[in-house]
Amino acid sequence: MKITIIGVGKIKEKYFTLAIDEYRKRLSRYCKLEIIEVNDEKTPDQAREAEENQIKKVEGERILKHIKNDGYVIALAIEGTMLSSTDLADKVEQLGVDGASHLIFIIGGSLGLSSEVLSKADYKLSFSKMTFPHQLMRVVLLEQIYRAFRINTNQPYHK
């Protein structure tokens, strides 16, 4: 299986890059992992709704350029479905059984995802009603993908 993560923004903090590298190494036993970073847009303080929508649109266009037609697209969105770790593992396994060999996870910027990106998603996944920094969310997502593979191969880790 191939897993692609498309994320808005660059990871600058060394502690996040170390964690990402660790999960990249762990996941190499289970899948081919690709991480694509697209540039984020600066959001002015007290930006108006129209400005925010324009920023999401620009970031969304950058994301959409990387979505391949062969992939099952999972957008991380607050309004998405919340799953337990075992439910996510079941979903990943079922997608594989159903023939999905390429999963594409999308992490938006500080304003979230554009309506165009959300409409392209096959599934919307929520980790919480809370908002997380994109850098941290990338680490959390990688950990949960790794956990899903461990659960699905009956290997210890998920306790």
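This is a short dialogue on reading a few features of a predicted model.

Q: How many residues does helix α3 have, and what should they span?
A: Each residue should add 1.5 Å along a helix. Helix α3 covers residues 85-97, which is 13 residues, so the expected span is 18 Å. The end C-alpha atoms of α3 are 18 Å apart, which agrees.

Q: Which residues of α3 are buried?
A: Buried means under 20% relative accessible area. In α3, Leu88, Ala89, Val92 and Leu95 are buried. They lie on the same side of α3, because their arc around the axis is only 130°.

Q: What do the buried residues of α3 pack against?
A: Look for contacts with other elements. Here the partners are β3 (72-82), β4 (102-107), β5 and α5.

Q: What follows α3?
A: Check the backbone angles after the helix. Gly99 follows α3, and its phi is positive, near 100°.

Q: Is Thr4 buried or exposed?
A: Compare its relative accessibility with the cut-off: under 20% is buried. Thr4 has 2%, so Thr4 counts as buried. Thr4 sits in strand β1, residues 2-8. Leaving out residues up to four places away in sequence, Thr4 touches Glu34, Ile36, His102, Leu103, Ile104 and Phe105.

Q: Is Met130 buried or exposed?
A: Exposed means over 50% relative accessible area. Met130 has 58%, so Met130 is exposed. Met130 is in the loop between β5 (123-126) and α5 (134-152).

Q: Which residues make the nonpolar surface patch?
A: Look for nonpolar side chains that group at the surface. Met130, Phe132, Leu136 and Val140 make this patch, with an area of about 330 Å².

Notes. Residues are numbered from 1 along each chain as its sequence is written. This is a predicted model: local features need pLDDT of at least 70, side-chain atom pairs count only at pLDDT 80 or more; totals for chains, interfaces and linings use all residues. Side-chain values use heavy atoms; hydrogens and water are left out. Patches are made of residues with over 30% relative accessible area and no salt bridge: like charges are joined within 9 Å, nonpolar side chains (Val, Leu, Ile, Met, Phe, Trp, Tyr) within 5 Å. Accessible areas come from the Shrake-Rupley method with a 1.4 Å probe; for residues, only the protein chains shown count as cover. A salt bridge is a side-chain nitrogen of Lys or Arg within 4 Å of a carboxyl oxygen of Asp or Glu. Helices (H or I, at least four residues) and strands (E, at least two) are DSSP runs, numbered from the N terminus. Buried means under 20% relative accessible area, exposed over 50%, partly exposed in between (1.4 Å probe, protein chains only). The expected span of a helix is 1.5 Å times one less than its number of residues. The arc is that of the directions from the helix axis to the C-beta atoms. Contact means heavy atoms within 4.5 Å.
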